[in-house]
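Reader: Could you walk me through the salt bridges and a helix here, giving the general idea before each case?

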Amino acid sequence: MRNVRRYFERGYYFFTVCTYRRQPVLTRPDVMAALRNAVRETMKTHPFEIEAWTVMPDHIHCVLIIKDDYVPLRWGKIKALTTKALPEFSSRSKRNAKNSEARETHGYGKLWQHSYWEHEIRNEREYMMYILYCCFNPVKHGYVTNACDWPFSTLKRYLSNGKYPDDWKYITPAWLDDNFSDYKE
């Protein structure tokens, strides 16, 4: 992995972003394509680096490097562009989840929860644990037994280009127990 000490200066964040009413739709091909395009478009105007990214059916976990204070603007744009590309999730659509009156008044679509969870990473320990959390999440939820088998993650690509340690290809519950059983808070 590259030198990560520079994040002590701030700018490294862990995020959890969920779908509205936890709809399990994010791994659908059309939603994945819209999400990828929204991320690319947002990166053009408001750059950020992806350290880890895992898309689950109803939520996303990621670690991003953001060099300015416009974090909410990025997520707003990603959410808006994704929803705009998928008319069935617009605030006016009669399909899928029922939108509350307040959400309709504000024009919120039916794809994303309005808010998201954000944590600014403070040290190397947190950085490694949040990256691992992103990678392990599909195993935790029972979708796969080895994290490398999950297709909606940066894990395989980052392993192949050397960004993640080689032994991360074995991320299973047993691997975590072997490597972190004596890990103290």
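**Salt bridges and a kinked helix**

Author: Happily! The count comes to 8 salt bridges, a salt bridge being a side-chain nitrogen of Lys or Arg within 4 Å of a carboxyl oxygen of Asp or Glu. This is a predicted model, in which local features need pLDDT of at least 70 and side-chain atom pairs count only at pLDDT 80 or more, while totals for chains, interfaces and linings use all residues. Residues are numbered from 1 along each chain as its sequence is written, and side-chain values use heavy atoms, with hydrogens and water left out.

Reader: Where do E41 and K44 lie?

Author: An α-helix has 3.6 residues a turn, so residues three or four places apart point the same way. Here E41 and K44 both belong to helix α1 (residues 29-45), 3 residues apart, about one turn of the helix. Helices are DSSP runs of H or I with at least four residues, strands are runs of E with at least two, and both are numbered from the N terminus. The closest N and O atoms of the E41–K44 salt bridge are 3.0 Å apart.

Reader: Is E126 buried or exposed?

Author: Buried means under 20% relative accessible area, exposed over 50%, and partly exposed in between (1.4 Å probe, protein chains only). E126 is buried, at 9%, whereas its salt-bridge partner R122 is exposed, at 53%. Their closest N and O atoms are 2.3 Å apart. In another salt bridge, K169 and D166 meet at 3.1 Å, N to O; K169 is partly exposed at 30% and D166 exposed at 51%.

Reader: Which residues are linked in a network of salt bridges?

Author: R28, D30 and E88 are linked that way.

Reader: What span should helix α4 have?

Author: The expected span is 1.5 Å times one less than the number of residues. For the 17 residues of α4 (residues 124-140) that gives 24 Å, and the end C-alpha atoms are 23 Å apart, which agrees.

Reader: Where does the kink in α4 lie?

Author: A bend is the angle between axes fitted to the seven residues ending at a residue and the seven starting there. In α4 a kink of about 40 degrees lies at C134, shortly before the proline P138. Both C134 and P138 are among the buried residues of α4, which also include Y127, I131 and F136.

Reader: And what should I look for around the two ends of α4?

Author: At the start of α4, a side-chain oxygen of N123 comes within 3.2 Å of the backbone nitrogen of R125. Just after α4, G142 has a positive phi of about 80 degrees.

Conventions. Polar contact = N/O pair within 3.5 Å; in protein donor to acceptor, adjacent residues only side chain to side chain.
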